[in-house]
Each structure stands twice: as C-alpha cells, then as structure tokens.
Amino acid sequence: MRKWGSMAKHTKRYDVLIIGGGNAGLCAAISARRTGASVLVLEAAPKFYRGGNTRHTRNMRCAHDAATDTLTGPYSEDEFFEDLLRVTEGNTDSDLARHMIAQSKSVLPWIGEQGVRFQPSLGGTLSLGRTNSFFLGGGRAMLNALYLTAEELGVEVEYDAEVIALEINGNIFTAATFEKAGQIYNVCAGSLVTAAGGFEANIDWLKEGWGEIAENFLIRGTPYNKGTILKMLIDHGVETVGDPTQCHAVAIDARAPKFDGGIITRLDCVVFGIVVNRHCQRFYDEGEEIWPKRYAIWGRLVAQQPDQIAYIVFDAPSLERFMPSLYPPISASTIGALATELGLEPAALEATVTEFNALVQPGTFDSSLLDDCRTEGLSPPKSHWAQRIETAPFYAYPVRPGITFTYLGTKVDREARMIMRDGKPAENMFAAGEIMAGNILGSGYAAGIGMTIGSVFGRIAGTQAAEACA
Ligand SMILES: Cc1cc2nc3c(=O)[nH]c(=O)nc-3n(C[C@H](O)[C@H](O)[C@H](O)COP(=O)(O)OP(=O)(O)OC[C@H]3O[C@@H](n4cnc5c(N)ncnc54)[C@H](O)[C@@H]3O)c2cc1C
C-alpha cells in the first residue's frame, strides 16, 4: 500500500479541484471557472471513455414556462415536483427538490449557452416531448460541447487520472492524490467538488446491500464509477443519505455486456407481452401503467426472481410495436418450442400462456393510453394492453437487472455543500450528480432527472467552490 504523499510528484495548486468528468463535473468546472477560479478536473477514464454515464444519456428534465423550439409545451415547477413525489413516493428531500426544480428553469438555457444543442423528442413509447429536452447527437455530443467550452475557458483536464486518496482535516479538504500512468501525484486545492458518480460498477459494494444475487446484475454504464470517492468521503466523516439497495435499475437484454451496454440494450416491450421467470410463472402486472412511468421498476422485479432472469414473451403482431432491439428476439413456431429455445420447461410455459389467453377480455387496443384490454380472474392481472399470445411466430427476450446508477450518496445542502456526520457543513467540499442523487431520489425515478441533478447541483457546486476558496 502506497503511503499518501510519499514518492508523489507535486503538481501546482488550484483554486478548485473537481473529481469526475461527467455532466456534473463539467457543469461545476465551467461555473467555477466562469466565477474566476483556476480549475483542474481529474477523470479516471481515458479520453475516449471520458464522461462516465453521461455518455449514454439522451435527455434532461427541466421546468419551463412555455413551449420552445424543441419542447411541445410548458412544464411547471409544481407539475415537476408532483411527478417527483409520485415516482419517489415522497421519499425525497422536499426543500432540496423544490430548490433543484426552481434552478432547473435557468439551467436549461444555461446548458445551451455552454454549447449544448437540443432536438425535438422522437415519438414513440417514451412520450417525453413536453417535459424533457433531448441532446442533439446524444450524451456524448453533449459532453463534447461541455469539454470544449471548459477547455476554451481554461479549465485543465487530466485523463487516466484516478483519485486514490483525499486529505481531509475535520471538515476541510486540503489535497488529493491521483495515479496516472503508474505515477502518483499530489494536488492541493482551495476547494473540492466530487462528481465521481455512484458505486454501481463496484459489484462487491452492491453485494453488501443485495447479497450474492448482485453477481447476476449487468451494469448499464461506465465501469469507472466504483464509488471509491464516496467511500473515502464516508471514511472522512461525511454524512450519507439514501439506502444502499436503492438504485435506478431496468430490465435489459440478458445478452448485454457486463458494463457499458448503454441505452440500446434496454427492452421496452414488457407492456406488449407477458413476463415469466425461469419457472414460467408471471410475477407482476405487465400493463400496470404507461411505460415511461413504470419501466424503471422492472430491474428490481427481475432481481427478485430466481437466478435474476426473466423472459418477455409475445407473438408476431407485437413485434412491430416497439423500438427494434440490439439483439434479435429468440423465436419459434410454437410456445413449447420457444420454451425449449429458452431452456424453460415447455409444458409450464404452455400452461401459463394458455391460462393468460383464456382470461384476456375483449377490448380496443391502444398503446398510447390506459386502454380497456385487460385480464379478468388472473393473478397477477394484466390491467391494460392484454392481448392473446396466439399468432406464430412466438418471440422472447431474456432479461436481467440492468443497474443504471446507485442512490446512496453524500448529504448536501442547497449550496451543494457536503454535511459532516456531526451535522456541520463542510468548509470547502461540495458534491454534484450521482454521488449525491440520493438527496433527491430516495427511491424511484423520473426519466431525465439524473442529468437535472448533475447540471443543477454541478452549476451550484462550481460557483460555491469558487467562492469558498477565495
Ligand atoms: C444507459 C444509461 C442511460 C441514461 N440515460 C439518461 C438520460 O437520458 N437522462 C438522464 O437524466 N439520465 C440518464 N442516465 C443517468 C445519467 O447518466 C447520470 O445520472 C448522469 O450522467 C450522472 O452524471 P455524473 O456526472 O454524476 O456521473 P458520470 O457522468 O458517470 O461521471 C462520473 C465520472 O467520474 C469518474 N470517476 C469515478 N471515480 C473516479 C476517481 N476515483 N477519480 C477520478 N474520476 C473518477 C468516472 O470516470 C466518470 O467519468 C443514464 C444512465 C445510463 C447508464
């Protein structure tokens, strides 16, 4: 184990040190620099992989008073707050959430001023055209714009630079140690912004909350968000917020890579079929709600099934109803043959589909609203979009829990300032993005809010950090 400070090369001193070069870190860097501070961003990944989970994003949710070129209508602060209360079931810091939502109004044009371009939402299953701003070219283009602006402003960035230690005395940060190309460097700074993501890529940490089943989870984003900075902060007496098992998790194709599969491995066809576990049993109402309001529960649901695997089963007419998938569905001409392809018991899957088909009631199918196609007498029911699975070929996707990001994080106040376990605010330590998402997201998720948390608290953290070091 290397001793902090020994053998280390000394780099120059900065006003503000930012750990993590994703959306939150870049927003903090730009706002700190615009406030006049000298800024260094340390990013663990090589340049090509810079920007962690932000690379995978498509949109952000901000309050706005009126339609814009790219948003179809207004989205008031109250409506945003109600949406947040609904998805988190009230499990949020209301004061901080209200503050974030109010700030999101000016963050939207501010992000545009930093060079990010938006485009109208695509149609389809997500229905976010009024509430969410989509990045032209996706998250990577968004990041490239932020990096360009930051660099033009004079922000310095080190890639392949993993922070491996923090020097914190009481509630005051003084220096950090990072490793780059086998060399150890020390960097002193007047204040610190941690924007190093959650701990979703740290399977051992996930196991502490979930047990051994976490081995079967797939991580949708960067392998670099291992939570090492969060752990250091906790060890140095920073107060935490959130539950270690709470996270954003969706059902993704079980054939996806272990890390970084991104958005294209997600499957949005649950509502068009039935979902069974490896015993061919259904376990939840696939038609409970409009898809954008419910997609984020399926990761957790699949995590509770044996071996953390499930299968979305549907028939030929449904194949055209959702976005094409990265991996083709597994298909067969009969339900029994489909089960064999999936390694399931044919008689068991046939029995489940036969029972489901028998209890589907007549109705008028409409995937754009909560239609009247439902089952009766089935447990669990399928409340909407229930249609018999009867037209060959039959299809299935195997799905596993895909972890997007974790919620346990550092407690912060309205200034994005970390709070210590003794209740004192940190003197010069701030946090933004996933690493403090649990302040807003106690549980649940509303599409686009990850980026809102990063941009709003990133901008605040940068300004506050610049002022704190003055
Ligand atoms: C597939 C996918 C799709 C998503 N889509 C959306 C979406 O459309 N809208 C939305 O709002 N949210 C979305 N999210 C969530 C969103 O990506 C995150 O909420 C957001 O990007 C977090 O930003 P961040 O800056 O906090 O973290 P990140 O963007 O992950 O950046 C953290 C950075 O810290 C670096 N780092 C970690 N440890 C260290 C260390 N020790 N030293 C130095 N650097 C370190 C990492 O390399 C990384 O670059 C999506 C996530 C995924 C995985």
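## Lys-207 and its partner

Lys-207 is buried in this predicted model, with a relative accessible area of 19%. That value falls under the 20% cut-off, so the residue counts as buried. Its side chain still finds a charged partner: Lys-207 forms a salt bridge with Glu-215, and the closest N and O atoms are 2.6 Å apart. Glu-215 is partly exposed, at 39% relative accessible area.

Right beside Lys-207 in the sequence you will find Leu-206, which sits in helix 5 (residues 203–210). Leu-206 is buried, with a relative accessible area of 2%. If you trace the chain on to Pro-244, you will have gone 38 residues from Leu-206 in sequence. In space, however, the C-alpha atoms of Leu-206 and Pro-244 are 7.6 Å apart.

## Other salt bridges

How many salt bridges does a search of the whole structure find? The search finds 18. One of them joins the side chains of Arg-130 and Glu-79, at 2.6 Å from N to O. This pair links distant parts of the chain, with the two positions 51 residues apart in numbering. Arg-130 belongs to the loop between strand 5 (118–119) and strand 6 (132–135), while Glu-79 belongs to helix 2 (residues 77–88). Arg-130 is partly exposed, at 30% relative accessibility, and Glu-79 is partly exposed too, at 25%.

Asp-253 and Arg-255 make another salt bridge, with 2.8 Å from N to O. Is Asp-253 buried or exposed? With a relative accessibility of 1%, Asp-253 counts as buried. Arg-255, on the other side of the bridge, is partly exposed at 30%. There is also a network to look for: Arg-61, Asp-83 and Arg-86 are joined by salt bridges that share partners.

## A nonpolar patch on the surface

Turn to the surface and you can pick out a nonpolar patch formed by Phe-48, Tyr-49 and Tyr-224. Together these residues have about 310 Å² of accessible area.

Where in the chain is Phe-48? Phe-48 is in the loop between strand 3 (39–42) and strand 4 (59–61). Its relative accessible area is 55%, and a residue over 50% counts as exposed, so Phe-48 falls in that class.

## Helix 1 against helix 4

Two packed helices are described by the angle between their axes and the distance between the axes. For helix 1 (residues 23–34) and helix 4 (residues 138–153), the angle is about 25° and the axes are 10 Å apart.

Angles under 35 degrees count as roughly parallel, and helix 1 and helix 4 are therefore described as roughly parallel to each other. Their crossing is left-handed.

## A buried alanine in helix 11

Ala-461 lies in helix 11 (residues 449–468). Its relative accessible area is 0%, and Ala-461 is buried.

Arg-414 is a helpful landmark here. Ala-461 and Arg-414 are 47 residues apart in sequence, and their C-alpha atoms are 9.5 Å apart in space.

## Backbone features to check

Most residues other than glycine have a negative phi, and most peptide bonds are trans. Against that background, a few places in the backbone deserve a look.

Which peptide bonds are cis? One runs from Ser-379 to Pro-380, with omega near -10°. Another runs from Ala-392 to Pro-393, with omega near -5°. Pro-380 lies in the loop between helix 10 (346–359) and strand 17 (394–406), and Pro-393 lies in the loop between helix 10 and strand 17 as well.

Positive phi values appear at two aspartates. Asp-260 has a phi near 65° and is in the loop between strand 13 (247–253) and strand 14 (274–277). Asp-260 is partly exposed, with a relative accessible area of 21%. Asp-307 has a phi near 60°, and its place is the loop between helix 8 (298–303) and strand 15 (310–315). At 39% relative accessibility, Asp-307 is partly exposed.

Terms used
Residues numbered from 1 in each chain as written. Predicted model: local features only at pLDDT ≥ 70, side-chain atom pairs only at ≥ 80, totals over all residues. Heavy atoms only, no water. Patch = residues over 30% accessible without salt bridge, like charges linked within 9 Å, V, L, I, M, F, W, Y side chains within 5 Å. Areas by Shrake-Rupley, 256 points an atom, 1.4 Å probe, with all protein chains shown as cover. Salt bridge = Lys/Arg side-chain N within 4 Å of Asp/Glu carboxyl O. Helix = DSSP H or I, 4+ residues; strand = E, 2+ residues; numbered from the N terminus. Buried < 20%, exposed > 50% of the residue type's maximum accessible area, 1.4 Å probe, protein only. Axes fitted to C-alpha atoms, helices over the stretch in contact; angles between N-to-C directions. Parallel < 35°, antiparallel > 145°, perpendicular 65-115°, else oblique. Left-handed = near helix turned anticlockwise from the far one by under 90°.
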